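Please open the structure in a viewer, with the sequence panel beside it, and follow the selections below in the order given.

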Amino acid sequence: MPSNKSVSDAPIVQFTNCRILRSHQLQREDLWVREGKILNPEKLFFDEKGSADIQLDCKDSIIAPGFIDVQINGGFGVDFSLATDDFKSGIDLVSQKILSHGVTSFCPTLVTSPPSVYHQVLPQISIRNGGAHGAGILGVHLEGPFISKEKKGAHPENCLRTFEAGAFQDLLATYGSLDCVRIVTLAPEMKRSSEVIRELTKRGICVSLGHSVANLSQAEEAVQHGATFITHLFNAMLPFHHRDPGIVGLLTSDKIPAGRRVFYGMISDGIHTNPAALRIAHRAHPKGLVLVTDAIAGMGLAPGRDTLGQQVVEIDGLNTYIAGTKTLSGSVATMDTCVRHFQEATGCSVETALEAASLHPAQLLGIEHKKGTLNYDSDADFLMLNDGLYVQATYIAGEEVWRQDALGM
C-alpha cells in the first residue's frame, strides 16, 4: 500500500476536536494541512491512501480563516504615512504585532500626503507572503489625496489634489508608481474621476469611494465605471438623506451592474459608527460588509500624542482626534476587537462576524480562491478562537506564528 509520501514528502498535520468555519457554517470536522495548503481528506485517504503524520488536539476551539485588514494606517508607534530611514523595520514590526489580533494579511494604508512621501515610501513596500516574520502584505491602500475638501476628515487640506487635464497621468505623477498598489480611495464627484476609475480598474486596482460629497447618481456612475468599495461607510461622506441617500444608497441601489457586488468598510470600534448604524448597514447589505480597523500609529500604545501622516493626533481611551479638535482620526481598535463588537452590536451569527473580517475582504480583492476561506487547496492561514471570539493561536501556511502564552497545547 503506498504511503502518504506518494505525492509529497511534506508532513501532513491533522487538527482534531475543532469546529471549522466552512461554507458559512461552523462544522465539526478535522482540518488537514500539508505544504501550507488545506487538504481534501477524501483525496488523501482514497487516492493517496495517506494519513496524518502529526495530530493536534484543538480542545474544541473554533478554526476560522485568518483576518484580512484592508485599511490600516500603522500601529505600535509606526505611521505608514511618514517617510523614515527605517520604514522597512516599521512595517515589519506592525506585521509581526498584528498576528496576535488574528490578522494574517493586510493592506498598509497611506493617508493624504505630499508627492515626496509617496515617492519615498511606496518603493519600500513590497507584496509578500506572511509567515513567522509577520502577516502577509497584499498591496498598498492609498487613501487620498484625490478627495473632497468638505469631507477631508483627518486628511491635511494643503495636500489635497484634483484631477487636471491628463487625469490619470496626474495620479501617476503624484504617487510615482502603482506597482504595489491594491486599493485607491477617491471622491467620485471630482471632475475626470470616471476616466481614472476606468484606468485603475483596468490595471486590477480596486477603486474605493470615500471622503466625498457625492450624490447617489455620482456614486452609481463610479460603480458602473468599476469602483467596488466604499471607504469607512458613514464616515467622511454626506449623511443619509431620504431624497438623495448619497454613497450610502449604494447598499440598496438597483443600478449596480449584474454580477457585481459593492463592498463597504466599517470601523466597528463602538466610536466611529453607532451600533444602530452598524445594524442598518448590515441588514441592508450583509454580504458587502468588510470590517477594517483604520488603525493609526497609536494602536497598541498608551494614550497620548501620536501622528497620522502630516497631522498630530491625540489619543484618549479609544477616541483619537486631530490635536486640538474633535475631528476623529482613525482608530486604535484591533481587528479581533472589531469582530467581537460587530457580533455583539448586530446580534449576527459567529460565522457572519468572522466572514466579515476574512471572506468578504478576500472577495473584495479577488483572492477568495486562496485566502479568506478554509476550502480545499486554499492557503492554510487560519486562527484558533474560543467561543468568545478571542484569538488563541494564529497560523500562516499551516505553521503556528503566534500563540496566547497562557495556553499550552
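## A tour of the chain

Begin by selecting Ala362, which lies in helix H10, the helix that covers residues 359-364. Keep in mind throughout that this is a predicted model. Is Ala362 buried or exposed? With a relative accessibility of 0%, Ala362 counts as buried, because the cut-off for that class is under 20%. If you display the contacts of Ala362 and set aside neighbours within four places in sequence, you will find Ile68, Ile367, Glu368, Lys371 and Gly372. Then add Thr162 to the selection: 200 residues separate Thr162 from Ala362 along the chain, and their C-alpha atoms are 30 Å apart.

**The whole chain**

Now zoom out and colour the chain by secondary structure, which comes to ten helices and 22 strands. Taken along the principal axes, the box filled by the C-alpha atoms is roughly 70 × 45 × 40 Å. The radius of gyration is 21 Å, which agrees with the value near 22 Å that a compact globule of 409 residues would have. Colouring by accessibility instead will show the buried residues, which make up 58% of the 409 in the chain. The accessible surface comes to about 16,300 Å², and carbon and sulfur atoms hold 49% of that surface. Of the contacts with a separation of 6 or more, 69% are between residues 24 or more positions apart. If you then mark the charges, 35 positive and 45 negative, their mean positions lie 4 Å from each other.

**Strands E20, E21 and E22**

Next select strand E21, residues 391-396, where six of the six residues are buried, so that this strand is largely enclosed by the rest of the structure. Which strands pair with E21? On one hand there is E20, residues 382-385, which runs antiparallel to E21 and is joined to it by four bridges; on the other there is E22, residues 399-403, also antiparallel to E21 and likewise joined to it by four bridges. Ala393 is a useful residue to centre on, since Met384 stands opposite Ala393 in the pairing of E20 with E21, while Arg403 is the bridge partner of Ala393 in E22.

The two connections can be inspected in turn. The hairpin of E20 and E21 has five residues between the strands, and Leu389 there takes a positive phi near 65°. The hairpin of E21 and E22 has two residues between the strands, and in its turn Ala397 has a positive phi of about 55°.

**The hairpin of E17 and E18**

Move on to strand E17, residues 304-308, and strand E18, residues 311-316, an antiparallel pair joined by five bridges. Within this pair, show the side chains of Arg305 and of Glu314 in E18, which stand opposite each other. Two residues lie between the strands of this hairpin, and Gly309, in the turn, has a positive phi of about 60°.

**Backbone details away from the hairpin turns**

Going back along the sequence from E17, select Asp294, which sits in the loop that connects strand E16 (289-291) to E17. Although Asp294 is not a glycine, its phi is positive, at about 55°. Asp294 counts as buried, with a relative accessibility of 6%.

Compare this with Asp60, which is found in strand E5, residues 54-65. Asp60 is also a residue other than glycine with a positive phi, here near 65°, and its relative accessible area of 32% makes it partly exposed.

For a feature of the peptide bond, select Gly144 and Pro145: the bond from the former to the latter is cis, with omega near 5°. Pro145 belongs to the loop between strand E11 (140-143) and helix H4 (167-175).

**Last stop: His133**

Finish at His133, in the loop between helix H3 (115-121) and strand E10 (136-137). With a relative accessible area of 41%, His133 is partly exposed. Which residues does His133 touch, not counting those up to four places away in sequence? They are Asp92, Ser95, Gln96 and Arg128. For one of these, Asp92, draw the distance between C-alpha atoms: it is 7.5 Å to His133, across 41 residues of sequence.

Notes: Residues are numbered from 1 along each chain as its sequence is written. This is a predicted model: local features need pLDDT of at least 70, side-chain atom pairs count only at pLDDT 80 or more; totals for chains, interfaces and linings use all residues. Side-chain values use heavy atoms; hydrogens and water are left out. The radius of gyration is taken over C-alpha atoms; the globule rule is 2.2 Å times the number of residues to the power 0.38. Buried means under 20% relative accessible area, exposed over 50%, partly exposed in between (1.4 Å probe, protein chains only). Contact means heavy atoms within 4.5 Å. Accessible areas come from the Shrake-Rupley method with a 1.4 Å probe; for residues, only the protein chains shown count as cover. Lys and Arg count as positive and Asp and Glu as negative; His and the chain ends are not counted. The place of a charge is taken as NZ of Lys, CZ of Arg, CG of Asp or CD of Glu. Two strands pair if DSSP finds at least two bridges between them.
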